[in-house]
Structures are given as C-alpha cells and as structure tokens.
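Welcome to a short tour. Keep your viewer open and a selection box at hand, and we will go from stop to stop.

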Amino acid sequence: MLIKCPKCETIYQIGDDVISKSGLKMHCQKCDEVFKAYQQDALKLPEEEALEKQNVAKMFEKVIPAASDLFAPQGSPKVRVMHVTQYKNTINYFLVLMLLALMAALLYALRFDVVRYAPVMEKFYQKWGIESVYNGTALEISNIDVSELTQDNVSKIKISGIIKNPSKYAMNVPPLKIVIYDTSGQKLLDTTHYLAQKRAGAYYQFGFEAIMTNPTPKQKNIKINFANDE
Ligand SMILES: [Zn+2]
C-alpha cells in the first residue's frame with residue numbers, strides 16, 4: 001500500500017500487512033516528520049479508483065430497479081416493465097389501425113367530393129375498383145327534336161336533343177337507349193347509341209344526335225332513356 005507523509009507529501013510504499021488496526025508510527029526520511037499511519041490512509045492507485053467508481057455505478061444500477069420494486073407485490077420488475085411496454089405498443093398499433101380505417105372510410109364516403117376537388121384521385125379509386133364519379137342517371141334530356149329524312153333512298157329518322165348535368169358533380173355519360181313504339185304501344189325498334197361525350201362536368205350541357213334507319217311503319221312514338229345495363 002502507499003502512505004503519504006502529511007507534511008512533505010512524499011509517498012512511501014509499504015507491505016499491505018505492515019500496518020495494524022492501531023496504526024503504525026512512521027518517520028519521514030525526507031522531512032523528519034513523525035506521524036501515525038492507518039490502513040484507511042492508504043493512497044489509491046488510479047486503476048483502483050477507476051475500479052471503485054465502476055463498482056459504485058453498478059451499485060446504483062442495482063438500487064434503481066430495486067426502488068421501483070417497492071410498488072410490485074410479486075415477480076421480477078424487469079419482466080413487469082416488459083409487459084407495460086408491450087401493452088403500450090399494442091395500444092399504439094391499435095390506434096394506428098383505427099386511424100387508417102377511419103381515413104379509408106372517409107376516403108370512401110367522400111369519394112365523389114374528393115374526385116370533384118382533386119380529379120387526379122379518380123385513378124387512385126380506379127386502382128381499388130371503386131367508382132368515384134356518379135353515373136349519368138341524374139342527367140337531364142331536353143329539347144328533343146325528331147325529324148324524318150331520306151338519304152340514298154333510305155328512310156331515316158334523326159333524333160337530337162340536349163343532355164344537361166344539373167349537379168355540381170361530374171357525371172359519366174352512359175349510352176343512350178332509344179326505343180320506338182307504334183301508336184298501339186308495340187315496340188318497333190330498340191337500339192343503344194354510344195355518345196361521343198363520355199363525361200359531363202358540373203352544370204355542363206351538350207347536344208346529342210342519333211340516326212336510325214328504316215323506322216317503319218310510319219306512325220310511331222319515341223321513348224328515350226339512358227341505358228342502365230351498360
Ligand atoms: Zn516528510
């Protein structure tokens with residue numbers, strides 16, 4: 001062990017078992033100081049000090065989990081802490097799932113409005129096979145005009161009119177179904193006409209025209225409808 005002279009601070013190395021509990025009378029050969037050295041006066045080597053600090057740190061590590069154990073009736077605190085963490089993770093996972101489900105539900109419920117304000121989103125819905133544009137059942141047909149004509153010796157009937165979208169949403173324009181009846185209600189002709197216009201924007205209107213050949217006999221009624229089966 002190392003003992004330091006209290007006066008001149010000269011350090012002496014002596015055997016570990018030389019100093020008894022009652023101390024050892026020493027005489028400094030450098031400054032002539034006479035003093036009593038005890039085991040607890042021994043200087044520590046830097047390595048010893050570092051080792052001691054590590055031990056102190058380890059002791060604190062042991063104390064900290066032990067303190068939380070005060071609230072624990074049973075079991076190792078480490079295991080219980082893991083349980084708490086798992087529980088919290090489960091809640092977060094559940095919340096994230098709930099938020100995603102809510103977002104999906106909103107995206108679905110508001111799909112017509114989403115596409116109305118962001119037409120790009122229609123492609124997103126199409127990927128999922130979801131229709132995000134209203135079909136044209138709400139479109140209005142007006143100004144219907146029917147005229148008969150003969151072209152290259154073939155009797156024809158021309159039906160024209162205006163198709164109007166009365167809503168603020170864009171509408172898909174379905175095929176136009178035109179049915180001709182005679183005066184007794186007998187169906188003479190039942191045709192489907194695909195219109196050039198596939199989409200009508202908000203409050204948009206456009207003209208349409210459909211030509212049919214040989215609409216015999218001459219007396220007839222005409223009924224126009226949007227084809228629902230397309
Ligand atoms: Zn001395």
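Which residue takes a positive phi in the hairpin of β9 and β10? Select glycine 185: its phi is near 95 degrees, and the hairpin has five residues between the strands. Keep in mind as you look that this is a predicted model.

**The hairpin strands**

Now widen the selection to β9, residues 176-181, and β10, residues 187-193. The two strands run antiparallel and are joined by six bridges. To find one of the facing pairs, pick leucine 176 and look across to histidine 193 in β10.

**Lysine 156**

Next, move to strand β7, residues 154-164, and pick out lysine 156 within that strand. Show threonine 213 as well: this residue is 57 residues away along the chain, yet the two C-alpha atoms are separated by 4.4 Å. Threonine 213 is also one of the residues that lysine 156 touches beyond four places in sequence. The others to display are Leu149, Thr150 and Gln151, together with Ile211 and Met212. Is lysine 156 buried or exposed? Lysine 156 counts as partly exposed because 15 other C-beta atoms lie within 10 Å, while a buried residue would need 20 or more.

**Lysine 7**

Travel now to the loop between β1 (2-4) and β2 (11-13), where lysine 7 sits. Setting aside residues within four places in sequence, select its contacts: Cys28, Cys31 and Glu33. Draw a C-alpha to C-alpha distance from lysine 7 to cysteine 31 and you should read 7.7 Å, for a pair 24 residues apart in sequence. Lysine 7 has 13 C-beta neighbours inside 10 Å, so this residue too is partly exposed.

**Colour by confidence**

Switch the colouring to pLDDT. The protein averages 79, and 80% of the residues score at least 70. Where is confidence highest, and where is it lowest? Helix α4, residues 121-127, is at the high end with a mean of 93, and helix α1, residues 46-68, is at the low end with a mean of 63. Then select residues 76-82, where pLDDT stays under 50. For that stretch the model has seven contacts beyond four places in sequence.

**Zoom out**

Finish with the whole protein in cartoon view: there are four helices and 13 strands. Of its 230 residues, 8% are buried. If you display contacts between residues at least 6 apart in sequence, 56% of them join residues at least 24 apart.

How values were computed: Residues are numbered from 1 along each chain as its sequence is written. This is a predicted model: local features need pLDDT of at least 70, side-chain atom pairs count only at pLDDT 80 or more; totals for chains, interfaces and linings use all residues. pLDDT is the predictor's confidence in each residue, from 0 to 100. Two residues are in contact if their C-beta atoms, placed from the backbone, lie within 7 Å. A residue is buried if 20 or more other C-beta atoms lie within 10 Å of its own, exposed if 12 or fewer, and partly exposed in between; C-beta atoms are placed from the backbone. Two strands pair if DSSP finds at least two bridges between them.
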